[in-house]
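Student: Could you take me through one part of this model closely, in a single connected answer? I would like to hear about one helix and its surroundings, and then about the ligand.

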Amino acid sequence: MTRLNKSDIRHISSGLEEYNRELQTKTGRTLLGIACHAYGKNEIQVKHRINSFSIHVIPVTAGQGIITDFSETVTAILQFLGFNALTSDNPDTSGIAHAFESKADAVMMADDKRFVGINLNTRVVADNSEATGRVFASVLDLMAGGIKDHEVLVLGCGLVGAAAARTLLFLNSRVALYDVYPPIAHSLKESLSVYATFDRIRIETDVNRALSKDQYIIEATPAAGTIPDELISDTMVVAAPGVPLGISKIGCQILKNRLVHDKLALGTAAMAVSLLS
Ligand code: 2YC
C-alpha cells in the first residue's frame, strides 16, 4: 500500500470543484454519481440522506504517524459530497470515544496498514483498497459506455487490482491479469474463479504485448512508468488508482479525457457511500 505524502494531498481540497467537472466530462457522472454507480445506489435517494449522515474523521498517530492534512482532506471530500463530516479534535482513542459519545453515524481513519470507514450502527466496515478497486472499475464501465463483454487488462494484482478485477467480472467483462510477480496474478485468478468461469480470466505475462491488445486498462500498480508513452493507442481508456500514477505527463496529454486518476477522492467517496445503509 503506497503511503501518501503531503504533496500528494496538498491540492486535493481546493481542486474538488474542478475535479468534479472533469469526472462529469469523462464519465458522464459526478464524484457522488460514480460512487453511487459503484454500489448500485440511487443518487437521488442518497442525496436525501447524505446531509444527516455524520462522519468523524479521526487522525491516527500510530506507526509512521499523522500525514499533514490527510484527515482534513478526507473531511473536505466528504463535506463536498454533502456528508455532515468533521475532523476530530482528538486523535486515536479519544477521537473514537468522542465519536461514539456524540452519536456519530460513522468514523473514518487510517493507520499504516488500512484506511477504513466504520458505520457505528450497522458495524459495516468500508475498506479503502476494496472501495478504490470497485470505484475505478465503475469508472471504466462508465467511460466504456458499459464494460460488459469487453476484456480489461488489470495491471497490478494487489488488493486494489483484485477488487477492480472482481468488480469487472460482476459487470460481465473479461479480465487479463498482469503482475510483475506472476504468482500474485495466478493466485488472484484462482480466487476469482469462484465468481466467473475460467475462460473469462486469463493471465498476461507480456505487459507490452497486452497494452497493444487491450484498450481498457486498470492501472493499479505502485510504480511509475507502467504504461510507456509509445504504447498508448488512440483508443486506450485508463482508470488508474495506482499511486504514483503509472503514466507520464506526456502520456496524460495523449490520453486526455480517456484517463481518470486520483489519489484519494474516488476511494473516499466510494467508502462513504457504501456506509450509507
Ligand atoms: O494522518 C493520519 O491519520 C495517518 N495515520 C494516515 C496514514 C495513511 C496511510 N495510508 C495511505 O497513505 C494511503 C491511503 C490513503 C490508502 C492507501 N494508502
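Tutor: Asn172 has a positive phi of about 60 degrees and sits just after helix H8; helices here are DSSP runs of H or I with at least four residues, strands are E runs of at least two, and both are numbered from the N terminus. Do keep in mind that this is a predicted model, where local features need pLDDT of at least 70, side-chain atom pairs count only at pLDDT 80 or more, and totals for chains, interfaces and linings use all residues. Residues are numbered from 1 along each chain as its sequence is written, and side-chain values use heavy atoms, leaving out hydrogens and water.

H8 itself covers residues 159–170, and its twelve residues reach 17 Å from first C-alpha to last, close to the expected 16 Å (1.5 Å times one less than the number of residues). Because nine of the twelve are buried, H8 is largely enclosed by the rest of the structure; buried means under 20% relative accessible area with a 1.4 Å probe, protein chains only. Among the buried ones are Gly161, Arg166, Thr167 and Leu169. Their packing partners include helix H7 (128–143), helix H9 (182–192) and strand S6 (151–155), with contact meaning heavy atoms within 4.5 Å.

Now to the ligand: 15 residues surround it, and Thr2, Leu4, Val60, Ile67 and Ala110 are the closest (a heavy atom within 4 Å). A backbone N or O atom of Ala110 lies 2.7 Å from a ligand nitrogen atom, while one of Val60 is 2.9 Å from a ligand oxygen atom. Taken alone the ligand exposes 470 Å², and the protein buries 95% of that (Shrake-Rupley areas, 1.4 Å probe).

Conventions. Buried means under 20% relative accessible area, exposed over 50%, partly exposed in between (1.4 Å probe, protein chains only). A polar contact is a pair of N or O atoms within 3.5 Å; within protein, one must be able to donate a hydrogen and the other to accept it, and residues adjacent in sequence count only if both atoms are side-chain atoms.
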